[in-house]
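User: Please take a close look at one part of this model, the question of disulfides, and then set what you find in the context of the whole chain. I would like a connected account rather than a list.

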Amino acid sequence: SLHDALPIYREACLNAGMDGFLAKPFKAEDLLSKVEQCLERAALVATVLLLLAFGRRVVESVQFSGGK
């Protein structure tokens, strides 16, 4: 609808914490781009979580081994 495409609504949605905004009507390429952005963010979050988990295990193993 027209009201969804107005810049003030886009800004309000983004300020409320939305990751993105795609107004109707949209092109398939625009939707694909938004999906790719979401997947990239998800991959980044997963990578950070894995690094944190791996790093925590390394720190714990050093503490339990007496620093050896």
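Analyst:
**Disulfides and their setting**

When a disulfide is taken to be a pair of cysteine sulfur atoms within 2.5 Å, the count in this predicted model comes to 0. A disulfide is, in general, a covalent bond between the sulfur atoms of two cysteines. Two cysteines can nevertheless be described by their exposure: Cys13 has a relative accessibility of 24% and counts as partly exposed, and Cys38, at 41%, is also partly exposed. Both assignments follow because partly exposed covers the range between under 20%, which is buried, and over 50%, which is exposed.

The chain around them consists of 3 helices and 0 strands, so that its elements, read from the N terminus, follow the order α-α-α. Confidence is not even along this chain: helix H1, residues 2-5, has the lowest mean at 55, whereas helix H2, residues 7-15, has the highest at 83. Taken over the whole chain, the average pLDDT is 78, with 74% of the residues scoring at least 70.

Burial is recorded for 1% of the 68 residues, and one residue that does meet the criterion is Phe21, which is buried because its relative accessible area of 16% lies under the 20% cut-off. Phe21 sits in the loop between H2 and H3, and its C-alpha atom is separated by 8.5 Å from that of Lys34, 13 residues away along the chain. In the loop between H1 and H2 lies Leu6, which is partly exposed with a relative accessible area of 37%; the C-alpha atoms of Leu6 and Ala23 are 8.6 Å apart, although 17 residues separate the two along the chain.

As for the surface, the chain presents an accessible area of about 5,900 Å², and carbon and sulfur atoms contribute 67% of that area. A nonpolar patch of about 470 Å² is formed on the surface by Leu44, Val45, Val48, Leu49 and Leu52. Among these residues, Val48 belongs to helix H3, which spans residues 28-64, and with a relative accessible area of 40% Val48 is partly exposed, a value that satisfies the requirement of over 30% for residues in a patch.

To return to the part you asked about, the model holds 0 disulfides by the distance rule, and both Cys13 and Cys38 are partly exposed.

Technical notes: Residues numbered from 1 in each chain as written. Predicted model: local features only at pLDDT ≥ 70, side-chain atom pairs only at ≥ 80, totals over all residues. Heavy atoms only, no water. pLDDT = per-residue confidence, 0-100. Helix = DSSP H or I, 4+ residues; strand = E, 2+ residues; numbered from the N terminus. Patch = residues over 30% accessible without salt bridge, like charges linked within 9 Å, V, L, I, M, F, W, Y side chains within 5 Å. Areas by Shrake-Rupley, 256 points an atom, 1.4 Å probe, with all protein chains shown as cover. Salt bridge = Lys/Arg side-chain N within 4 Å of Asp/Glu carboxyl O. Buried < 20%, exposed > 50% of the residue type's maximum accessible area, 1.4 Å probe, protein only.
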